[in-house]
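Please consider how charged side chains are arranged in the protein shown here. The explanation below moves from salt bridges to charge at the surface.

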Amino acid sequence: MTISETTARPGASARPEGRVRAPRPSSKPNGQWKVDGTEPLNANEEWKQQDGGLSVRERIEQTYAAGGFASIDPTDLHGRFRWWGLYTQRKPGIDGGRTATLEPHELEDEYFMLRVRIDGGQLTTEQLRVIAGISTEFGRDTADLTDRQNVQLHWIRVEDVPEIWRRLEGVGLETTEACGDVPRVVLGSPVAGIAADELIDPTPAIDEITSRFIGDESLANLPRKFKSAITGHPSQDVVHEINDVAFVAVEHPTLGVGYDLWVGGGLSVAPRLAERLGVWVAPDRVAEAWHGVAQIFRDYGFRRLRNRARLKFLLAEWGPEKFREVLETEYLDSPLPDGPSAPTPSTPGDHVGVHRQKDGRFYVGVTPIVGRVSGPTLAKLADVIEAHGSTRLRTTPHQKLVVLDIPEERVESLIAALDELGLQSRPSLIRRGTIACTGIEFCKLAIVETKGYATQAVLELEERLADLEAELPHPISLHVNGCPNSCARIQTADIGLKGQLVTIDGEQVPGYQVHLGGGLASKDRDEAGLGRTVRGLKVAADGIADYAERVVRRFIDERDAAADETFAQWAHRADEEALQ
């Protein structure tokens, strides 16, 4: 099934970037454990079976922290460390043109990125202060909010990891399975349990999944990463269409509120949107259904080729009907009833701005620029939140923060204090819609810088487009990625920029391929769909603002305002010349 066939949306891209097909019939086995047996078919599968990723923690604590970077076994370093949220970061000074030509050990520095796992995005100010302290003491003040609700720190030494774990775990945080071929962080609605318009609080389901299955050896060797999302909010605020498994709240006409189950989403170089299985999952069966999908991936996922090992490739072979059949007959105690799809969202899912909670207090959603914060900023944020009578906040899948439990009379004071920290609750539409991946500053896979160029573009566009702010019908999502892997979701943005070397005026420079008109289901879009590409349309890395201003002004000039046309709708119908 091709990408355009999964979206069934008028105007969807006729030239999707990638196609997700099941592996072609071959005399070679695909490494499906229940079909081909468990004999490893590549070096990665071999070391995972010899000694699982979770086992490396003891060596980190007992051997590597004492012996330093030079003492680390190469397989542990490049493989098992990921099971504990650790990746070596990129050595400074290596340009993007050498990313694909150097070996990992030539690209990497003797420092690590450490990913702090924050399931459901739920944090307390105490936990925030601990993260801030680790950033300041061990990470040179670095801290980035990711688009999967985690916090990433850089410049971490292996010698400091045991002490960092001690501090995190002392306040209920962890890095367990934050990376690797395992169940990653479970995305959850940032307004779970507090939103006045919430259908159901997904927190109990998230807690059951994480307490039962994270760190479980039986799920610690999956074919590839396994991404999950659960929301009880009608805004569908967890980007469910691009997760391996997702649960979206829906009201069944006779059974009440439960969840619509989606499987098989993912982006990268072969994007595919998730599909509904057409079932209704009762709240007390979410963990069971999640576990069933995870076990299907473990037992039937393709392991021979890592670039064909995500769950989306299995769904491409089976289709949703067979997937449901296998789930119900092999992995669940009883079948799941048929269920309706959730209605189109009626409110934005980033939760930016001021909103009344169900208890009468308020939550305030704020945006830094492209998720970049710092240890000192996070420490000050904890102080500000507590000074306004709260101890709770949430991270979001949009590189934002949501502060909870603010009394009405303290809202404006909070907004002013957050503004001073660079956290805006009333941002420009371009700042609100812009996210960026880590980029070449720290990532070994990157070809182009992202955070810096994206920040520069936001600041410039806020000035250049100030006269159009009132005319824009919605935030313009600008997603900037440093390589083709789409950590910043380039195919689902109004303007998505994929990092690569580009030739402009005969000179090869860092830049981006442009994707236009993508998006996930939202109040401005009935269904998810992927952006289109225009042959030869590329932008220099320092030219983001010039291009974005040009294309946004053309959109305003040409859009059908009477039909309330969105940027994505216009981008799919516009002539290629208008998109240059």
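A salt bridge is counted where a side-chain nitrogen of Lys or Arg lies within 4 Å of a carboxyl oxygen of Asp or Glu. The model discussed here is predicted. By that criterion, Glu-460, Arg-464, Asp-467, Asp-546, Glu-549 and Arg-553 are linked in a network of salt bridges. Across the whole structure, a search finds 44 salt bridges. Three individual pairs may be followed in turn.

One of them joins Asp-76 to Arg-59, with the closest N and O atoms 2.8 Å apart. Because Asp-76 belongs to helix α5 (residues 74–78) and Arg-59 to helix α4 (residues 56–67), the pair ties together parts that are 17 residues apart in sequence. The two partners can also be described by their exposure. Asp-76 has a relative accessible area of 2% and is therefore buried, since buried means under 20%. Arg-59, at 25% relative accessibility, counts as partly exposed.

Another salt bridge brings together the side chains of Arg-129 and Asp-383, at 2.6 Å from N to O. Here Arg-129 is found in helix α7 (residues 125–138) and Asp-383 in helix α12 (residues 375–387), so the contact ties together parts that are 254 residues apart in sequence. Arg-129 is partly exposed, its relative accessible area being 31%. Asp-383 is likewise partly exposed, with a value of 43%.

The pair formed by Glu-208 and Arg-212 lies within one helix. Their side chains meet in a salt bridge of 3.0 Å, N to O. Both residues are in helix α9 (residues 203–213), where they stand four residues apart, about one turn of the helix. Glu-208 is partly exposed at a relative accessible area of 31%, and Arg-212 is partly exposed at 46%.

Charge also gathers on the surface outside such pairs. Where does negative charge gather in a patch on the surface? The patch consists of Glu-471, Asp-557, Glu-558, Asp-575, Glu-576 and Glu-577. Residues that make up a patch have over 30% relative accessible area and no salt bridge, and like charges are joined within 9 Å. Asp-557 illustrates the accessibility requirement: with a relative accessible area of 66%, this residue is exposed. Its place is in helix α16, which covers residues 544–558.

Note on methods
Residues numbered from 1 in each chain as written. Predicted model: local features only at pLDDT ≥ 70, side-chain atom pairs only at ≥ 80, totals over all residues. Heavy atoms only, no water. Patch = residues over 30% accessible without salt bridge, like charges linked within 9 Å, V, L, I, M, F, W, Y side chains within 5 Å. Areas by Shrake-Rupley, 256 points an atom, 1.4 Å probe, with all protein chains shown as cover. Lys, Arg positive; Asp, Glu negative; His and termini not counted. Charge placed at Lys NZ, Arg CZ, Asp CG, Glu CD. Helix = DSSP H or I, 4+ residues; strand = E, 2+ residues; numbered from the N terminus. Buried < 20%, exposed > 50% of the residue type's maximum accessible area, 1.4 Å probe, protein only.
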